[in-house]
Amino acid sequence: MSSGTLSGIVILLFFTLLGDVLSDAFSLAVPGSVMGLILLVIYLQLSGGVSESLDKVSQFCIRYLAVLFIPGCVGIFFLSDLLLQQWLPIALAMLVATPVSLVLTAVLLQWLLKRFASGSGENHHG
């Protein structure tokens with residue numbers, strides 16, 4: 001493992017730990033990992049971009065992201081009784097939340113693209 005890779009891992013772990021500490025210290029409703037991700041995005045915006053080491057480690061993590069879902073999927077098999085009892089709220093949450101989150105994400109992306117395009121002096125409206 002090169003020192004560049006190690007520094008990328010340290011940056012990811014630092015922001016994960018920082019998010020956990022802040023989330024626990026202030027009893028936030030936001031999970032520590034999400035708080036760490038938000039802090040990392042702020043850091044990257046302030047620092048001007050992603051370093052090569054962080055990019056390398058992030059690409060590695062993204063490549064094997066599906067592996068991280070295996071424990072959660074295996075855990076569902078052990079909750080079959082609960083799933084049978086709560087199937088309607090779970091199904092409604094999935095059927096409603098998924099389209100709503102997709103639409104909200106698209107609206108937010110459109111708004112951000114227009115905002116940054118108008119801020120940089122570009123006109124994408126033709």
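Biologist: How far apart are the mean positions of the positive and negative charges of the chain?

Modeller: Happy to help! This is a predicted model, in which local features need pLDDT of at least 70 and side-chain atom pairs pLDDT 80 or more, while totals for chains, interfaces and linings use all residues. Residues are numbered from 1 along each chain as its sequence is written, and side-chain values use heavy atoms, leaving out hydrogens and water. With Lys and Arg as positive, Asp and Glu as negative, and His and the chain ends not counted, placed at NZ, CZ, CG or CD, the 4 positive and 6 negative charges have mean positions separated by 12 Å.

Biologist: What pattern does the chain follow along the sequence?

Modeller: Helices are DSSP runs of H or I of at least four residues, and strands are E runs of at least two. The chain has seven helices and zero strands. Read in order, the pattern is α-α-α-α-α-α-α.

Biologist: What share of the 126 residues is buried?

Modeller: Buried means under 20% relative accessible area, exposed over 50%, and partly exposed in between (1.4 Å probe, protein chains only). Of the 126 residues in the chain, the buried share is 12%.

Biologist: How many disulfides are there?

Modeller: A disulfide needs two cysteine sulfur atoms within 2.5 Å, and the count is zero. Cys 61 is in none, as the nearest cysteine sulfur, on Cys 73, lies 18 Å away. Cys 61 is partly exposed at 36% relative accessible area, and Cys 73 is partly exposed too, at 43%. So, with sulfur atoms to be within 2.5 Å for a disulfide, the number is zero.
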